[in-house]
Amino acid sequence: MTGPRDAIGGAAAGDSTFGVGRPAWLGGLGNVRNVVRQEMISRQLGRHLPGHPGRVLDVGAGQGTQSIRLARAGHHVLAVEPDPGMRAAFLAGLGAEPGQVRDRVLLRDGSVGSLAAVTGGEVYDVVLLMGVLMYLPASPPVIAGLAAHVAPGGFLAVAVRTATSALWRPAARQDWRAALAAFEEYDAARIDGRDMRYINEIGTPARADDLEALTAAAAADGLELEHWYGVRIAVDLEELDPAPPSDPGQLAALLDVEERLGAADPYRQLGQLAHLILRKTGTAAAPPE
């Protein structure tokens, strides 16, 4: 990814480490991890979305799964994605949708570091940042920049990697050397006063957030934690990423179990992603015309 260094603490496209992992990411879209991830994010968002057609800003929209689902539900989406390969995948998926769904989605080239130029400073009922923060240098400046785009009464939804998940996955897989190395990195990060670093499943350098520090940073920007969920708890213990169950009943049961596990403690703590709903205090914005 390439792009300018500007607002939001310099967190522009050129700061992201995602680009090297794009081929592996796109190659796994139909596998169980992504199927579960997208369905859980969608179900969890559904508990908090406005009852009327809302205005949504999807930052780092990737291949467009959530943007398209929200447009199907009647919401109006501005999707922002810096990577041309991901935009191509997004447009391919959007092209298969009915005209009324396509008409509700606007896809633009841009990143968390250039949102003002893309949005014109407008605010939105819902702002999404799904699976992006772990590829950027630091979370607080990004959250601060996104908070300015959330309308009063609206919310910011972020899906992040936590230090708990970065420590738990190698241990759950009984890869003891990798688990010890993760703990060593965790200890070093605490001593250095920095975030934990790791290599993720698509071979990309990434960063893990501390959940309490992240919610405190959001609160300083007027975003209060409404709820958080775990994502991918029961399906991510093996290193393999197989196709989802071919039996529709088995797949439905898997998704329902994941939804229950991700909704409450202690199980959500072990999710490979934490999905936070951060509400901006104030009066809700009016629905779009």
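In what order do the 7 strands of the open sheet lie? In this predicted model, the order runs S3-S2-S1-S4-S5-S9-S8, and the pairing is mixed. Strands of a sheet pair through backbone hydrogen bonds, in either a parallel or an antiparallel fashion. At the edges lie strand S3 (105–108) and strand S8 (223–231), each of which pairs on one side only. From one strand to the next, the twist averages 15 degrees.

A good place to begin a tour is the edge formed by S3. Here strand S2 (residues 76–80) pairs with S3 in the parallel sense, over 4 bridges. One residue to look for is Val77, whose bridge partner in S3 is Val105. Helix H4 (residues 84–95) packs on the sheet in this region, where the helix touches both S2 and S3. The direction of H4 makes about 160 degrees with that of S3.

Attention can now turn to a pair of helices. Two packed helices are described by the angle between their axes and by the distance between those axes. For helix H2 (residues 32–46) and H3, the axes come within 10 Å and cross at roughly 40 degrees. This angle makes H2 oblique to H3, because it falls outside the ranges for roughly parallel (under 35 degrees) and roughly perpendicular (65 to 115). The crossing of the two helices is right-handed. On the H2 side, the residues that meet H3 are Gln38, Glu39, Ile41, Ser42 and Leu45; their counterparts in H3 are Thr65, Gln66 and Arg69.

Helix H3 (residues 65–72) also has its buried residues, namely Gln66, Ser67, Ile68, Leu70 and Ala71. Gln66 therefore appears in both descriptions, as a buried residue of H3 and as one of the H3 residues that meet H2. Following H3 comes Gly74, with a positive phi near 105 degrees.

A final stop is Thr204, in the loop between strand S6 (196–199) and strand S7 (205–208). Is this loop residue buried or exposed? Thr204 counts as buried because its relative accessibility is 0%, and the cut-off for buried is under 20%. Leaving aside residues up to four places away in sequence, Thr204 touches Thr17, Phe18, Val20, Gly21, Tyr135, Tyr198 and Ile199. With Gly21 there is also a polar contact, in which the side chain of Thr204 reaches the backbone nitrogen of Gly21 at 3.4 Å.

Definitions and conventions: Residues are numbered from 1 along each chain as its sequence is written. This is a predicted model: local features need pLDDT of at least 70, side-chain atom pairs count only at pLDDT 80 or more; totals for chains, interfaces and linings use all residues. Side-chain values use heavy atoms; hydrogens and water are left out. Two strands pair if DSSP finds at least two bridges between them. Axes are lines fitted to C-alpha atoms, for helices over the stretch in contact, and angles run from 0 to 180 degrees between N-to-C directions. Contact means heavy atoms within 4.5 Å. Buried means under 20% relative accessible area, exposed over 50%, partly exposed in between (1.4 Å probe, protein chains only). A polar contact is a pair of N or O atoms within 3.5 Å; within protein, one must be able to donate a hydrogen and the other to accept it, and residues adjacent in sequence count only if both atoms are side-chain atoms. Angles under 35 degrees count as roughly parallel, over 145 as roughly antiparallel, 65 to 115 as roughly perpendicular and the rest as oblique. A crossing is left-handed if the near helix is turned anticlockwise from the far one by less than a right angle, and right-handed if clockwise.
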